[in-house]
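Trainee: I would like to learn how to read a structure feature by feature. Where do we start?

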Amino acid sequence: MLLQKSQTLLFIGDSITDCDRAKPSGEGLFGALGKGYVSMVDAFLQAVYPELGIRVVNVGSSGNTVVDLQARWQEDVLDRKPDWLSIMIGTNDVWRQYDTPFIKDWHVYADKYEVTLSQLVERTKPHVSRLVLMTPFFLESNKDDAMRRTMDEYGAIVKKIAERSGALFVDTQAAFDVVLQRLYSGTLAWDRVHPSQAGHAVLARAFLNKIGFDWNKGL
């Protein structure tokens, strides 16, 4: 596995990452990491790789766009000095264009999204061992759906930035698309955005696979 002994792994994003984490810092006991994929990743790391002593921190914040991440980047990322940083952002950047189409101040269009995320990645690269970029996703199997098309566009931007920066790339939409071949989208998320526990398991599995997690270790 790519993670090394005593490293700190920090996750940042929106409500899908937040998932009711403790504030101001999502780490520690009593569900501090939230109820989603971040806590699942931590649980698997503790259960299968206890000798590594990986510290997991969750600083996801509900409602955030990439612009909101930019505003809190110094305090929530750089000042914490993580060894690894995982970024999953873009859902609200896209969603606000559809659920509040007339409030354009809330929209983050593709050009601004790409520039801002690129700046954050380049600013952070010298300070971390590894970066992981996870795509935003929309739990809609119809790829011609308007919001699904836009979300795929933003996912392609994430892939381009990952390739350019040398970050690990996690295609969450592709991982969900496999499951959506068998399950109706409402089974995984009532609003097609906020996943069920099964949906968060898809995210955790996709992340762990990318970092070389050995599912058979110790068996």
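Mentor: With strand pairing. This is a predicted model. E1 and E3 pair in the parallel sense, over five bridges. Within that pairing, Leu9 stands opposite Trp84 in E3.

Trainee: How many bridges join E3 and strand E4, and in which sense do they pair?

Mentor: Five bridges, in the parallel sense; E4 covers residues 130–134. Here Ile87 stands opposite Leu133 in E4. So read E3 with two partners in mind: E1 and E4.

Trainee: How should I read the side chains along a strand?

Mentor: Start from the general idea. In a regular strand, side chains alternate between the two faces of the sheet. Now take E3. Trp84, Ser86 and Met88 sit on one side, and Leu85 and Ile87 on the other.

Trainee: Are those two faces of E3 buried or exposed?

Mentor: Both faces are covered, and those residues are all buried. Five of the five residues of E3 are buried, so the strand is largely enclosed by the rest of the structure.

Trainee: Next, aromatic rings. How many aromatic pairs are there?

Mentor: Rings pair if their centres lie within 6.5 Å. By that rule there are eight aromatic pairs. Take Phe11 and Phe207: their centres are 5.1 Å apart, with 55° between the planes, and the pair is tilted.

Trainee: Why does the pair of Phe11 and Phe207 tie together parts far along the sequence from each other?

Mentor: Phe11 lies in strand E1 (residues 8–13) and Phe207 in helix H9 (residues 197–210), so the pair ties together parts that are 196 residues apart in sequence. Both residues are buried.

Trainee: Which residues do ring pairs link into a cluster?

Mentor: Phe44, Tyr49, Phe213 and Trp215. Tyr49 has a further contact to read. Lys217 lies over the face of Tyr49, at 4.9 Å from the ring centre.

Trainee: Now the backbone. What should catch my eye?

Mentor: Look for departures from the usual. Most residues other than glycine have a negative phi, and most peptide bonds are trans. Check the peptide bond first. A cis peptide bond joins Lys23 and Pro24, with omega at about 5°. Pro24 is in the loop between helix H1 (15–18) and helix H2 (37–48).

Trainee: And what is phi at Ser6 and at Lys81?

Mentor: Phi of Ser6 is near 65°, a positive value in a residue other than glycine. Lys81 is not a glycine either, and its phi is positive at about 50°.

Trainee: Where do Ser6 and Lys81 lie?

Mentor: Ser6 is in the segment before E1. Lys81 is in the loop between helix H3 (66–76) and strand E3 (84–88). The cut-off for exposed is over 50% relative accessible area. Ser6 has 53% relative accessibility, so it counts as exposed. Lys81 has 65%, so it counts as exposed too.

Trainee: Last, pockets. How much space lies in the largest pocket?

Mentor: About 180 Å³. Then ask what supplies the lining. Strand E5 (168–170), helix H7 (172–180) and H9 each give at least two residues. The largest share, five residues, comes from H9.

Trainee: Which residues line the largest pocket, and how do they split by class?

Mentor: Among them are Phe169, Asp171, Val178, Val202, Arg205, Asn209 and Lys210. By class, the lining has eight nonpolar, one polar and three charged residues. Note that H9 has now come up twice: it holds Phe207 of the tilted pair, and it supplies five residues of this lining.

Technical notes:
Residues are numbered from 1 along each chain as its sequence is written. This is a predicted model: local features need pLDDT of at least 70, side-chain atom pairs count only at pLDDT 80 or more; totals for chains, interfaces and linings use all residues. Side-chain values use heavy atoms; hydrogens and water are left out. Rings of Phe, Tyr and Trp (its six-membered ring) pair if their centres lie within 6.5 Å; planes under 30 degrees apart count as stacked, over 60 as edge-to-face and the rest as tilted. Helices (H or I, at least four residues) and strands (E, at least two) are DSSP runs, numbered from the N terminus. Buried means under 20% relative accessible area, exposed over 50%, partly exposed in between (1.4 Å probe, protein chains only). A charge sits over a ring if NZ of Lys or CZ of Arg is within 6 Å of the ring centre and within 35 degrees of the ring normal. On a 1 Å grid over the protein atoms alone, a cavity is a set of points where a 1.4 Å probe fits but cannot get out, and a pocket is an open set with protein on both sides within 12 Å along at least five of seven lines; lining residues have an atom within 4 Å of a point. Grid points are joined across faces, edges and corners, and a volume is the space filled by probe spheres set on the points. Ala, Val, Leu, Ile, Met, Phe, Trp, Tyr, Cys and Pro count as nonpolar, Asp, Glu, Lys and Arg as charged, and the others, Gly among them, as polar. Two strands pair if DSSP finds at least two bridges between them.
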